[in-house]
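Biologist: I would like a close look at one part of this model, the partly exposed acidic residue and the strands around its own. Please start from that residue and work outward.

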Amino acid sequence: MQWNFWLHRQWSVFGEPGLGLHFTDFDDLDFDPFILYLGGRFHPTKDIAITARIGYPTFSIGASFFL
């Protein structure tokens, strides 16, 4: 689940709580009952968004392309 708050036409921030499944080894599946991320999104154009999120247990940086 994600809540977005728009600060400007090109900038938004969000909070993202949830649950998660991930592999700890190639054959061991682990369950995380608590995941929390805070992040931001920058829209340089209406068709591109750059997203960064940091939290527990990881962080990520990515891009979205709207066609």
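Modeller: Asp30 has a relative accessibility of 33%, so this residue counts as partly exposed. The model is a predicted one. Asp30 sits in strand β3, which covers residues 29-45. On the surface, Asp30 belongs to a negative patch, whose other members are Asp25, Asp27 and Asp28.

From strand β3 we can go to the strands paired with β3. Toward the N terminus, the partner is β2, residues 11-23. β2 and β3 run antiparallel and are joined by 12 bridges. Five residues lie between these two strands, and together the strands form a hairpin. One pairing in this hairpin can be given by name: Phe14 has Gly39 of β3 as its bridge partner.

On the other side in sequence comes β4, residues 48-56. β3 and β4 are also antiparallel, with eight bridges between them. They make a hairpin too, and here two residues separate the strands. In this pairing, Tyr37 is matched with Gly55 of β4.

Two residues of β4 deserve a look. One is Ile48, which lies in this strand. Ile48 has a relative accessibility of 29% and therefore counts as partly exposed. Its C-alpha atom is 16 Å from that of Trp6, and the two residues are 42 apart along the chain.

The other is Arg53, also placed in β4. The side chain of Arg53 meets the side chain of Glu16 in a salt bridge, with 3.0 Å from N to O. Glu16 belongs to strand β2 and Arg53 to β4, so this pair ties together parts that are 37 residues apart in sequence. Measuring from C-alpha to C-alpha instead, Arg53 and Glu16 are 9.1 Å apart in space. Why can such a contact form at all? Side chains of opposite charge can pair when their charged atoms come close. The two partners differ in how they are covered. Arg53 has a relative accessible area of 23% and is partly exposed, while Glu16, with 16%, is buried. The cut-off explains the two labels, because buried means under 20% relative accessible area. A search of the whole structure finds one salt bridge.

Strand β2 also leads back to the start of the chain. β1, residues 3-6, pairs with β2. The two run antiparallel, and four bridges join them. They form a hairpin with four residues in between. Phe5 is located in β1, and its bridge partner in β2 is Val13.

Phe5 and Val13 also appear together in a nonpolar surface patch, along with Met1, Trp3, Leu7 and Trp11. This patch has an area of about 710 Å². Both β1 and β2 supply at least two of its residues.

To put the parts in order, β1 is bridged to β2, β2 to β3, and β3 to β4. Asp30, where we began, is in β3, and the salt bridge of Arg53 and Glu16 links β4 with β2.

Definitions and conventions
Residues are numbered from 1 along each chain as its sequence is written. This is a predicted model: local features need pLDDT of at least 70, side-chain atom pairs count only at pLDDT 80 or more; totals for chains, interfaces and linings use all residues. Side-chain values use heavy atoms; hydrogens and water are left out. Patches are made of residues with over 30% relative accessible area and no salt bridge: like charges are joined within 9 Å, nonpolar side chains (Val, Leu, Ile, Met, Phe, Trp, Tyr) within 5 Å. Accessible areas come from the Shrake-Rupley method with a 1.4 Å probe; for residues, only the protein chains shown count as cover. A salt bridge is a side-chain nitrogen of Lys or Arg within 4 Å of a carboxyl oxygen of Asp or Glu. Two strands pair if DSSP finds at least two bridges between them. Lys and Arg count as positive and Asp and Glu as negative; His and the chain ends are not counted. The place of a charge is taken as NZ of Lys, CZ of Arg, CG of Asp or CD of Glu. Buried means under 20% relative accessible area, exposed over 50%, partly exposed in between (1.4 Å probe, protein chains only).
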